[in-house]
Amino acid sequence: MRRAVTLAATLVLAGGALGGCGSGQVGITLGEIGYVLDKHGPPAANAVYADPPSIAALAQDVRVGWQAPELAAALEKLPADRVVVTHYYDACARDDPRLLRSGTRVRVDYGRTINRQCVRPADTLAFVVVAGGQLPDPVSFELCRATIVLHAGRATSHGETGMC
């Protein structure tokens, strides 16, 4: 009996990790760039990149504009079915951002909220990679004050895309 319960729990956890249950964390954080404005003007803040040409352009911007060649190389090596979500947030006030999916909505959740005594915001751009198979079509990304709808491989944005 104990083995059956353990097996059932393992299957539920695996289903959630693969997106089979319709909710839970999706994607992995590929990397982050801190103090974005110091390195390269206004960022492509909260955005969704859903096709290889837009991801290649993002990788070029990461390499040249933000001088992050390792992150750029990782973006260039992604399989064609991947979606890249960028999330712009204040790392002085929040930490460990991750994407949580519930049905057709994906929102940002933070592992913890912190109150550091920072002189200024630690503006940080996180890059999260999601396998296209983990997402329904259409799907709405709620990233701070922006909502980005991904439908048939095209992303449309509504709202503000500033720092969270």
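This section describes the fold, the central sheet, a helix pair and the C164 environment of a predicted model.

The secondary structure of the protein comprises 4 helices and 10 strands. Along the sequence, these elements follow the pattern α-β-β-α-β-α-α-β-β-β-β-β-β-β. Of the 164 residues in the protein, 37% are buried. The exposed surface of the protein amounts to about 9,000 Å², of which 56% is supplied by carbon and sulfur atoms. When contacts between residues at least 6 apart in sequence are considered, 66% of them join residues at least 24 apart.

Six of the strands are assembled into an open sheet with the order 1-5-6-8-9-10 and mixed pairing. The edges are occupied by strand 1 (23-26) and strand 10 (154-159); each has a single partner strand, so one side of each is left without a neighbour in the sheet. From one strand to the next, the twist averages 30°. In general, strands of a sheet pair through backbone hydrogen bonds, in either a parallel or an antiparallel arrangement. Within this sheet, strand 6 (residues 105-113) and strand 8 (residues 139-143) pair in the parallel sense, with 3 bridges between them. V106 has F141 of strand 8 as its bridge partner.

A helix pair was also examined. The axes of helix 3 (residues 52-64) and helix 4 (residues 69-76) come within 8 Å and cross at roughly 170°. Because angles over 145 degrees count as roughly antiparallel, helix 3 and helix 4 are assigned to that class. Helix 3 contributes I55, L58, A59, V62 and R63 to the contact, whereas helix 4 contributes P69, L71, A72, A73, L75 and E76. By class, the contact of helix 3 with helix 4 has 9 nonpolar and 2 charged residues, with no polar residues.

The final part of the analysis concerns C164, which lies in the segment after strand 10. C164 has a relative accessibility of 15% and therefore counts as buried, the cut-off for this class being under 20%. Apart from its neighbours within four places in sequence, C164 is in contact with N46, H87, Y88, Y89, D90, R94, Y110, L143 and C144. Among these contact partners is N46, which is 118 residues from C164 in sequence, with a C-alpha to C-alpha separation of 9.2 Å. Two further contact partners of C164, Y110 and L143, fall within the residue ranges of strand 6 (residues 105-113) and strand 8 (residues 139-143), respectively.

Technical notes:
Residues numbered from 1 in each chain as written. Predicted model: local features only at pLDDT ≥ 70, side-chain atom pairs only at ≥ 80, totals over all residues. Heavy atoms only, no water. Pairing = 2+ DSSP bridges. Helix = DSSP H or I, 4+ residues; strand = E, 2+ residues; numbered from the N terminus. Axes fitted to C-alpha atoms, helices over the stretch in contact; angles between N-to-C directions. Buried < 20%, exposed > 50% of the residue type's maximum accessible area, 1.4 Å probe, protein only. Contact = heavy atoms within 4.5 Å. Areas by Shrake-Rupley, 256 points an atom, 1.4 Å probe, with all protein chains shown as cover. Parallel < 35°, antiparallel > 145°, perpendicular 65-115°, else oblique. Nonpolar A, V, L, I, M, F, W, Y, C, P; charged D, E, K, R; others polar.
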